[in-house]
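Me: I should like to understand how certain terms are applied to a structure. May I put some questions about the one shown here?

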Amino acid sequence: MTNHWVDIKNADLVLIMGGNAAEAHICGFKWVQEAKEGRKARLVVVDPRFTRSAAVSDYYAPIRAGSDIAFLSGLIHYLLEHDKIQHEYVKAHTNAPFLIDPAFGFENGLFTGYNAEKRNYDKASWRYQMGEDGFARVDPTLQDPNCVFQLMKKHFSRYNADVVSSITGTPKDAFLKVCEMVAECSASDRTMTILYALGWTQHSVGSQNIRTMAMIQLLLGNMGMAGGGINALRGHANVQGITDMCLFGDSLPGYMHSPTEDEATLDAFLTKRTPRMLRPGQMNYWSNYSKFFVSLMKAFYGPNATADNNFGYDWLPKMDGAYDVLALFERMHQGRMNGFVCQGFNPLASVSNKAKVSSALSKLKYLVVMDPLATDTSEFWKDYGELNKVDPTQIQTEVFRLPAALFAEHEGSFTNSGRVIQWHWKAADGPGETREDTAIMGELFTRLRTLYATEGGANPEPILKLHWPYRIPSHPSSQELAREISGYAISDLADASGTVTVKAGEQVAGFGVLRNDGSTACGNWLYSGMWSQAGNLTARRDNSDPSGLGQTLNWGYAWPANRRILYNRASCDASGKPWDPARTVIKWNGKAWGGNDVPDMRPNAAPEEGVGAFIMTGEGVARLFAPGMVEGPFPEHYEPFETPLGKNPMHPEQPAVTSNPAARVYKGDMEVFGKADEFPYVATTYRLAEHFHFWTKTSKINAILQPEHFIEISEELAGEKGIRKGDVVKVTSNRGYIKAVAVVTKRIPVLTVDGRKLHTVGIPIHFGFKGETKPGYITNTLTPVVGDANCQTPEYKAFLVNIEKA
Ligand SMILES: Nc1nc2c(c(=O)[nH]1)N[C@H]1C(S)=C(S)[C@@H](COP(=O)(O)OP(=O)(O)OC[C@H]3O[C@@H](n4cnc5c(=O)[nH]c(N)nc54)[C@H](O)[C@@H]3O)O[C@H]1N2
Ligand SMILES: Nc1nc2c(c(=O)[nH]1)N[C@H]1C(S)=C(S)[C@@H](COP(=O)(O)OP(=O)(O)OC[C@H]3O[C@@H](n4cnc5c(=O)[nH]c(N)nc54)[C@H](O)[C@@H]3O)O[C@H]1N2
Ligand SMILES: [Mo]
């Protein structure tokens with residue numbers, strides 16, 4: 001979330017689109033109720049199903065799964081056509097005035113620079129025109145045909161209400177009604193918040209779904225504002241934490257990049273990663289990259305990291321390809337992986353195309369499952385008849401189960417969706433032989449280290465040089481780890497006048513003092529300051545709220561720098577005056593920035609200096625034109641890889657752009673995409689309040705509440721297929737089938753798309769063969785293996801099936 005949970009209460013309009021907060025974020029949803037009661041906010045829900053969120057909304061609009069970019073592009077067109085944008089904001093805080101290379105263009109569904117063979121873009125033309133002063137050229141009047149604003153107008157002009165309605169199945173009047181309500185929030189004293197989750201991310205165009213909404217929030221002037229922002233409601237209790245810690249192959253803690261094979265030296269790496277300024281006087285926080293990175297290396301390797309050995313850069317693995325979850329299972333499936341350590345993860349149930357996952361796991365030499373429970377994955381090799389049809393004699397994978405304590409049996413921190421890091425205390429010790437994850441990892445590491453020390457082996461340095469200063473090496477404590485993550489001085493740190501401000505060994509107060517000379521260590525610059533000399537700030541529980549906006553600055557610690565609303569400089573006009581004084585986040589008082597939040601700006605940067613509000617970009621403004629995106633600097637509607645239409649209605653004559661032209665598809669997965677003639681219905685998968693993924697099915701009380709797998713279909717489809725409620729139905733995709741009980745409901749709307757009737761099939765995810773719920777099929781038997789082109793989140797939310805009475 002750019003904003004935070006409590007801030008939802010400050011919104012005038014709450015849009016839930018691409019999520020179902022009332023069901024999946026039951027506790028946080030109370031802030032939506034507060035907005036409705038306090039500010040008389042309206043709640044609008046756009047979802048393929050009439051959800052529990054829709055049930056308490058003021059307005060519900062249906063939409064075909066996988067068509068949100070068309071909807072949102074139509075909304076952008078509406079805002080521009082009806083002049084419902086906040087002009088001053090757009091001029092001050094976005095790249096609307098920036099001039100783009102005249103060579104940039106868009107034709108037949110493709111932007112300039114497409115390489116069909118590699119399925120990617122050469123982005124040479126997706127760039128700003130540069131002036132002789134070395135900075136990007138701008139046209140403050142927004143009239144130049146090559147300025148972002150004009151290019152954007154042209155791009156979205158194709159998405160009129162009729163086109164939108166035909167692609168999305170949203171009735172035209174419903175679409176226009178949503179447009180009208182959103183447009184009201186272009187006033188400087190009205191804000192909309194948008195709450196989304198997997199209904200947007202789990203698509204081959206997931207990142208662009210979210211980006212399209214970011215553009216809308218910028219046009220409305222809602223970024224940085226109280227009650228505004230782009231708010232991803234996150235998943236697992238600490239998934240925000242793991243994202244920040246970057247437990248992914250392609251990143252390092254604090255959203256730094258993992259080095260790649262072509263970055264052989266630290267110099268090459270830092271040069272590539274440190275941005276250049278695109279406008280005069282701009283500051284960009286990533287210009288501190290080397291300080292964050294070297295401090296991270298000092299946390300990793302301690303005294304072994306020195307300037308002479310590039311602070312241990314050579315010991316880091318260099319990426320030779322992709323390591324996202326789909327890439328991992330592809331490697332495993334090709335037999336290119338020996339072992340897999342599976343910690344708090346049940347991939348047989350949670351990853352797309354169960355048959356592929358199962359066959360991939362069967363090719364391993366060993367699988368380690370670190371979990372409090374026996375999971376479907378830990379028994380992937382067992383024959384459960386039709387539910388898990390395998391031949392155990394053909395599976396040689398050795399499976400080890402390491403019983404882990406459950407999260408409530410650990411001490412440590414959780415980071416919530418609002419970026420607030422909160423300490424939590426252990427509720428109880430884990431039962432039996434369970435151990436905390438840190439103890440399992442600590443034991444594993446110290447034993448490996450002993451083996452490397454005594455027996456040698458290939459590349460021992462990354463293990464032997466690791467800094468491991470914990471009191472009990474086989475069990476680092478959460479407190480020790482938190483202090484290391486927050487950062488400390490290795491030698492005395494002096495300010496410009498030579499006065500020592502931080503003594504060697506002391507905790508640093510924040511990332512502002514981190515250095516690139518080896519005198520500081522910090523496990524994650526974003527979390528720096530959470531454990532300062534004042535102690536563990538994440539354990540604070542002071543909910544006093546002087547502004548009444550819910551900016552409880554002494555509750556926990558928010559990253560970065562305890563800032564609660566990101567980009568809050570943009571809540572003010574160019575002169576530093578709040579757009580909406582009644583909801584002041586920060587303001588310029590003539591000498592400094594201050595107010596009800598930690599300013600997202602150098603505190604003494606006078607507005608006349610012209611430092612842009614978006615300090616993580618070299619141009620200092622937010623990008624309506626975003627060359628960082630893989631499939632284009634503007635969003636475009638592409639169909640899901642399994643499309644019910646067999647074409648992209650925006651470009652019916654161009655089969656190459658039916659679906660995202662820059663998405664990665666592996667051979668073998670492409671072949672098993674289904675076609676609409678055989679699989680005519682759009683399936684989408686989702687959660688139920690009564691279960692948490694695949695593990696509450698082992699809990700009796702949850703099993704009593706939602707005892708067995710079901711499939712939701714409309715009364716109309718049920719009628720066509722002769723299915724009655726309670727019948728067992730068989731749902732088939734091109735990758736397999738599942739059987740479950742039919743729930744026949746009015747909650748699944750029947751849509752008219754591209755002139756034809758379109759049915760949706762709803763499938764909850766939670767069931768499987770292990771646990772107390774009635775043994776069931778795994779939903780992911782059905783889903784396709786293709787991910788979002790930017791971050792590879794699988795397309796779980798729109799694929800094709802057929803359904804029949806079993
Ligand atoms: N009770 C409970 N709570 C949970 C979880 C749980 O398992 N149980 N899991 C947690 C986790 S890890 C996560 S990530 C979050 C997920 O939170 P959510 O994303 O809110 O949960 P889902 O039910 O997967 O999907 C949300 C909605 O997206 C809709 N949808 C599907 N396709 C589209 C589309 O193309 N466009 C639009 N506009 N909507 C679409 C679905 O109909 C569904 O109502 O929930 C978290 N909270
Ligand atoms: N079709 C479809 N598939 C989906 C989704 C969807 O919407 N549709 N959603 C996707 C999403 S967003 C998510 S997040 C995934 C979830 O997929 P998974 O993360 O694979 O599912 P969980 O059942 O939450 O698995 C977490 C495991 O962690 C264990 N655990 C709990 N606490 C601890 C602990 O402290 N230590 C250790 N070591 N283990 C612990 C639990 O017992 C459980 O087995 O599913 C994804 N798959
Ligand atoms: Mo999730």
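Me: How much space lies in the second largest pocket?

Reply: About 330 Å³ of space lies in the second largest pocket, a volume being the space filled by probe spheres set on grid points, joined across faces, edges and corners. This is a predicted model, in which local features need pLDDT of at least 70, side-chain atom pairs count only at pLDDT 80 or more, and totals for chains, interfaces and linings use all residues. Residues are numbered from 1 along each chain as its sequence is written, chains are lettered from A and ligands numbered from 1 in the order in which they are written, and side-chain values use heavy atoms, with hydrogens and water left out.

Me: What makes a residue part of the lining of the second largest pocket, and which are closest to its centre?

Reply: A lining residue has an atom within 4 Å of a point of the pocket; on a 1 Å grid over the protein atoms alone, with a 1.4 Å probe, a pocket is an open set with protein on both sides within 12 Å along at least five of seven lines. The lining has 15 residues, and Phe-641, Thr-643, Thr-658, Ser-659 and Lys-675 are the closest to the centre.

Me: Why is the pair formed by Gly-66 and ligand 1 called a polar contact?

Reply: A polar contact with a ligand is a pair of N or O atoms within 3.5 Å. A backbone N or O atom of Gly-66 lies 2.7 Å from an oxygen atom of ligand 1, so the pair qualifies. For His-691, a backbone N or O atom lies 2.5 Å from a nitrogen atom of ligand 1, so this pair also qualifies.

Me: How do you know how much of ligand 1 is covered?

Reply: Accessible areas come from the Shrake-Rupley method with a 1.4 Å probe. On its own, ligand 1 has 920 Å² of accessible area, and the protein covers 95% of it.

Key
A polar contact is a pair of N or O atoms within 3.5 Å; within protein, one must be able to donate a hydrogen and the other to accept it, and residues adjacent in sequence count only if both atoms are side-chain atoms.
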